Amino acid sequence: MWRRAISRFLTLGALLCGTLLAQVPVPPLTGHVVDQTRTLTAEQKQAIEQTLSAFEARKGSQLAVLLVPTTQPETIEQYALRVAERWQIGRKKIDDGAILLVAKNDRSVRIEVGYGLEGALNDATCKRIIEELISPRFRQQDFEGGIAAGVQRMMRVIEGEPLPAPASDKTAEALTDLTGIIVAGALLGFVLRAIFGRGAGSIMTAAIVGTATWFVLGVLSLALTASVVTMLTTW
């Protein structure tokens with residue numbers, strides 16, 4: 001039993017050591033921009049560096065950008081925490097630092113925020129910055145543009161400028177639903193027209209389509225529009 005227990009302990013220890021050794025090392029903080037992937041040109045890196053340096057001198061908050069090929073076997077969240085603990089950016093006792101972390105090969109992006117900035121750069125705001133500004137540019141292989149847009153928006157949020165209202169898909173959805181109702185109404189109209197005649201069939205169809213549109217979309221103007229279009233189509 002003792003031999004088995006010792007063997008298990010040594011095995012677990014070996015696995016743990018192997019995991020620790022396999023972790024991607026945190027690079028030293030040599031500036032506001034640390035690019036381990038050689039994605040940014042010297043000019044692009046310098047431009048972002050100057051922007052973040054000027055912001056730190058003006059506002060006090062410190063932002064940094066880190067590009068690594070991968071964070072595996074760790075998740076990007078785990079690796080970002082290690083980076084934050086190692087770099088310790090932001091002013092002491094204020095903790096107003098933030099790190100934009102890009103794991104290029106993993107296609108992952110993370111904004112790690114110090115406690116002093118969590119009110120402005122909360123999780124929802126960081127998610128929107130990544131999804132609306134950074135990721136679309138990354139998908140077009142415009143990494144410098146994505147990073148620049150991301151840090152610009154981060155700075156503006158820290159300055160107190162709120163994000164614009166998210167683009168709503170409700171209008172597009174409503175138009176899609178309206179089109180479907182009108183098409184279905186037109187098919188129904190041909191049937192009612194054949195049964196009740198052109199006049200009565202058109203009026204009945206318009207009433208049914210208008211009522212259905214009102215119940216589905218809850219917008220009177222769209223209900224009236226659907227009624228008129230369907231009646232004209234059926235007529």
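The exercises below go through a predicted model, each with a solution worked step by step.

Residues are numbered from 1 along each chain as its sequence is written, and side-chain values use heavy atoms, with hydrogens and water left out. Because the model is predicted, local features need pLDDT of at least 70 and side-chain atom pairs count only at pLDDT 80 or more, whereas totals for chains, interfaces and linings use all residues.

**Exercise 1. Describe the overall make-up of the chain.**

Step 1. Helices (H or I, at least four residues) and strands (E, at least two) are taken as DSSP runs, numbered from the N terminus. On this basis the chain has eight helices and four strands, and their order from the N terminus is α-β-α-β-α-β-β-α-α-α-α-α.

Step 2. Buried means under 20% relative accessible area and exposed over 50%, with partly exposed in between (1.4 Å probe, protein chains only). Of the 235 residues of the chain, 38% count as buried.

Step 3. A contact means heavy atoms within 4.5 Å. Among contacts between residues at least 6 apart in sequence, 61% join residues at least 24 apart.

**Exercise 2. Find where the backbone has a cis peptide bond or a positive phi at a residue that is not a glycine.**

Step 1. The peptide bond running from Gln-72 to Pro-73 is cis, its omega being near 10°, and Pro-73 belongs to the loop between β2 (62–68) and α3 (76–87).

Step 2. Gln-88, although not a glycine, has a positive phi of about 55°; Gln-88 is in the loop between α3 and β3 (97–103), and with 57% relative accessibility this residue counts as exposed.

Step 3. Lys-93 is likewise not a glycine and has a positive phi of about 70°. Lys-93 is placed in the loop between α3 and β3 and counts as exposed, at 92% relative accessibility.

**Exercise 3. Work out the surroundings of Phe-143.**

Step 1. Phe-143 is part of helix α5 (residues 143–158) and is buried, with a relative accessible area of 13%.

Step 2. Leaving aside residues up to four places away in sequence, Phe-143 touches Thr-39, Lys-104 and Phe-138. The C-alpha atom of Phe-143 is also 7.7 Å from that of Leu-40, although the two residues are 103 residues apart along the chain.

Step 3. Rings of Phe, Tyr and Trp (its six-membered ring) pair if their centres lie within 6.5 Å, and planes under 30 degrees apart count as stacked, over 60 as edge-to-face and the rest as tilted. By this rule there is one aromatic pair. The rings of Phe-138 and Phe-143 have centres 4.9 Å apart and planes at 45°, so the pair is tilted, and both Phe-138 and Phe-143 are buried.

Step 4. A charge sits over a ring if NZ of Lys or CZ of Arg is within 6 Å of the ring centre and within 35 degrees of the ring normal. The charged end of Lys-104 sits over the ring of Phe-143, at 4.7 Å from its centre.

**Exercise 4. Establish which polar partners Asp-35 has.**

Step 1. Asp-35 is in strand β1 (residues 33–35). Asp-35 is buried yet has no salt bridge (a side-chain nitrogen of Lys or Arg within 4 Å of a carboxyl oxygen of Asp or Glu), and the nearest side chain of opposite charge, Lys-45, is 6.6 Å away.

Step 2. The side chains of Asp-35 and Thr-37 are joined by a polar contact of 2.6 Å, a term for a pair of N or O atoms within 3.5 Å in which, within protein, one must be able to donate a hydrogen and the other to accept it, and residues adjacent in sequence count only if both atoms are side-chain atoms. A polar atom of the Asp-35 side chain also lies 3.1 Å from the backbone nitrogen of Arg-38.

Definitions and conventions. Lys, Arg positive; Asp, Glu negative; His and termini not counted.
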